[in-house]
Amino acid sequence: SAVRMKFPQMWFNSTGEGMDRGIDCLRMYRAEYDDKNLTLKTRPLHDWASHGADAFRCGVMGLQLTQRVAMPKFTPRVVV
């Protein structure tokens, strides 16, 4: 949910070195499929894409934590 909420605010440099693999991980991240019930399971499919997507999620979660930290108010003072 955190990644979905932040995604519209993100910009990806598609020409950046190593970006192709990361973008592929996000594209291929998916849930396991239950053949018996013909539905998606609640847990993700653990494959090569899940590692990169999980790292991305951790980064987003870390950004949210740093943004929640209250920064002290800075009041500029004019010295004459």
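**Exercise 1. Is Cys25 buried or exposed?**

Let's warm up with a single residue; keep in mind that the model is predicted.

Step 1. Take the relative accessibility of Cys25, which is 4%.
Step 2. Compare this with the cut-off: buried means under 20% relative accessible area.
Step 3. Cys25 therefore counts as buried.

Now try Cys58 in the same way. Its relative accessible area is 47%, so Cys58 is partly exposed. As for cysteine pairing, the structure holds zero disulfides.

**Exercise 2. Work out the order of the secondary structure elements.**

Step 1. Count the elements: the protein has three helices and two strands.
Step 2. Walk along the chain from the N terminus, and the elements run α-α-β-β-α.
Step 3. Place the helices in the sequence: helix 1 covers 2-6, helix 2 covers 19-28 and helix 3 covers residues 48-68.

**Exercise 3. Find the aromatic pair and classify its geometry.**

Step 1. Search the whole structure; one aromatic pair turns up.
Step 2. Identify the partners, Phe7 and Phe56, with 6.2 Å centre to centre and 65° between the planes.
Step 3. Apply the angle cut-off: planes over 60 degrees apart count as edge-to-face, and the Phe7 and Phe56 pair is edge-to-face.
Step 4. Ask what the pair joins. Phe7 lies in the loop between helix 1 and helix 2, while Phe56 lies in helix 3, so the pair ties together parts that are 49 residues apart in sequence.
Step 5. Check the accessibility of each ring's residue. Phe7 is partly exposed at 37%, and Phe56 is partly exposed at 21%.

**Exercise 4. Describe the largest pocket and say which elements line it.**

Step 1. Start with the volume, about 390 Å³ for the largest pocket.
Step 2. Read through the lining, which includes Ser1, Arg4, Leu26, Tyr29, Asp54 and Met61. Our aromatic partners Phe7 and Phe56 are also among the lining residues.
Step 3. Assign the lining to elements: helix 1 and helix 3 each give two or more residues.
Step 4. Pick out the main contributor. Helix 3 supplies the largest share of the lining, five residues.

**Exercise 5. Summarise the protein with whole-chain values.**

Step 1. For burial, buried residues make up 15% of the 80 residues.
Step 2. For the surface, the protein exposes about 7300 Å², and carbon and sulfur atoms supply 59% of that area.
Step 3. For long-range contacts, consider those with a separation of 6 or more: residues 24 or more positions apart account for 42% of them.

Note on methods. Residues numbered from 1 in each chain as written. Predicted model: local features only at pLDDT ≥ 70, side-chain atom pairs only at ≥ 80, totals over all residues. Heavy atoms only, no water. Phe/Tyr/Trp six-rings, centres within 6.5 Å; stacked < 30°, edge-to-face > 60°. Helix = DSSP H or I, 4+ residues; strand = E, 2+ residues; numbered from the N terminus. Buried < 20%, exposed > 50% of the residue type's maximum accessible area, 1.4 Å probe, protein only. Contact = heavy atoms within 4.5 Å. Areas by Shrake-Rupley, 256 points an atom, 1.4 Å probe, with all protein chains shown as cover. Disulfide = S-S within 2.5 Å. 1 Å grid on protein atoms, 1.4 Å probe; cavity = no way out; pocket = protein on both sides within 12 Å on 5 of 7 lines; lining within 4 Å. Points joined across faces, edges and corners; volume = space filled by probe spheres on them.
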